[in-house]
Amino acid sequence: MVADKSMGYRIFKIFNYTALTLLALTCIFPLIHVLAISLSSKGAVSAGVVKFLPVDFTLASYKLVLNKPQFITSMLITVKRVILGVGINMILVVLTAYPLSKEVKTFRSRTLFSWFFVFTIFFGGGLIPSYIIVKSVGIIDTIWALVLPGAVQVFSVVLLLNFFRGIPKELEESAFMDGAGHFSILLKIFLPASLPALATLTLFSLVYHWNSWFDGLIYMNSPENYPLQSYMQTIIIKMDQQFMRGASKDLIKSLNEQTLKSAQVFLGSLPILLVYPFLQKYFVKGIVLGSVKG
């Protein structure tokens, strides 16, 4: 009986690892293909011979892209957005989730406020009212138009408040007996005990702000204020001759539209690829613990 279970477990483990490996390869192969195209010559890409390895290796695409002031400017705007956006998101999420995680006898209006936030998940005002509000506040064409409309991420609030509810109440009660206030308990007990959830939500917020492009097109009147993804969207959809301006003739001859687009796509994805491995170890634990009410 034990041998049968052991054999079944081994078969399941082999099948599981095989399936996950194939799934991972289907996710990484497109990125490898984009990288190979960006590092290949114009002729090889036009001939369609580039698969997963560069053909006639060249860095011409990256030289042209990195020498474009608009690309660097949009990259810096996105970095600024990520720093402000993630910081504001996490502060507001923590300050919202902490009181909502309390019992009704401690915070009588908890249910009312919880439904107030949950309501926004299912119903929204729409694009035009959102634009009117942003314009009325006077933050159109500023970095705050990219940060403030999504400052409170309700999905993250729900995950974190459920995580907070799983923290033993004895820790909080003993802190109250020692004279600690709510802010002290939040900073010294709840946050250190919630590192997996906080790391997961930080990753969510970081990816959201880095990959967002539509709000940049809507709220930014000047292309000089576009974040990276909005700028890349305009270039990838329509590559004009102005992008090639300032490049040498030899450099232009060695490039085509596809190699330039691939170089920009890979550069735009690279920061997230570098950050994700450091937060990935918290990802599963944070999602599982935060999705189950304690």
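This is a short tour of a predicted model, with a suggestion at each stop for what to select.

**The whole chain**

Start with everything shown as cartoon. You'll see 15 helices and 0 strands. The chain has 294 residues, and buried ones make up 38% of them. Switch on a surface: about 17500 Å² is exposed, with carbon and sulfur atoms supplying 70% of that area. If you like contact maps, take the contacts with a separation of 6 or more; residues 24 or more positions apart account for 72% of them.

**Stop one: arginine 81 and aspartate 215**

How many salt bridges does the structure hold? The count is 3, and we'll visit each pair. In general, side chains of opposite charge can pair when their charged atoms come close.

Select arginine 81 and aspartate 215 and show their side chains. They meet in a salt bridge, 2.6 Å from N to O. The two partners come from distant parts of the chain, 134 residues apart: arginine 81 sits in helix H4 (residues 69–100), while aspartate 215 belongs to helix H12 (residues 214–219). Buried or exposed, this arginine 81 and its partner aspartate 215? Both are buried.

**Stop two: glutamate 172 and lysine 102**

Next, pick glutamate 172 and lysine 102. Here's another salt bridge, again listed at 2.6 Å, N to O. Glutamate 172 is part of helix H9 (residues 169–177) and lysine 102 is in the loop between H4 and helix H5 (110–122), so this pair ties together parts 70 residues apart in sequence. Add a surface and check the cover: glutamate 172 and lysine 102 are both buried.

**Stop three: lysine 169 and glutamate 103**

Stay with helix H9 and select lysine 169, which is located there, along with glutamate 103 in the loop between H4 and H5; the pair therefore ties together parts that are 66 residues apart in sequence. Their side chains form a salt bridge at 3.8 Å, N to O. What about exposure? Lysine 169 has 40% relative accessibility, so it counts as partly exposed. Glutamate 103 is at 33%, so that residue is partly exposed too.

**Stop four: a nonpolar patch**

Now leave the charges and select Leu22, Leu25, Ile28, Phe29 and Phe52. Together they make a nonpolar surface patch of about 430 Å². Zoom in on phenylalanine 52, which you'll find in the loop between helix H2 (42–47) and helix H3 (60–66). Why is phenylalanine 52 called partly exposed? Its relative accessible area is 42%, and the partly exposed class runs between 20% and 50%.

**Stop five: alanine 199**

Move on to helix H11 (residues 195–211) and select alanine 199 within it. With a relative accessible area of 9%, alanine 199 is buried, because the buried class takes anything under 20%. Then add phenylalanine 278 and draw a C-alpha to C-alpha distance: the two residues are 9.5 Å apart in space, yet 79 residues apart in sequence.

**Last stop: serine 262**

Finish in helix H15 (residues 257–290), where serine 262 lies. Serine 262 has a relative accessible area of 7% and is buried. Which residues is serine 262 in contact with, leaving aside neighbours within four places in sequence? Select Val34, Ile37 and Ser38 to see them.

Technical notes: Residues numbered from 1 in each chain as written. Predicted model: local features only at pLDDT ≥ 70, side-chain atom pairs only at ≥ 80, totals over all residues. Heavy atoms only, no water. Salt bridge = Lys/Arg side-chain N within 4 Å of Asp/Glu carboxyl O. Helix = DSSP H or I, 4+ residues; strand = E, 2+ residues; numbered from the N terminus. Buried < 20%, exposed > 50% of the residue type's maximum accessible area, 1.4 Å probe, protein only. Patch = residues over 30% accessible without salt bridge, like charges linked within 9 Å, V, L, I, M, F, W, Y side chains within 5 Å. Areas by Shrake-Rupley, 256 points an atom, 1.4 Å probe, with all protein chains shown as cover. Contact = heavy atoms within 4.5 Å.
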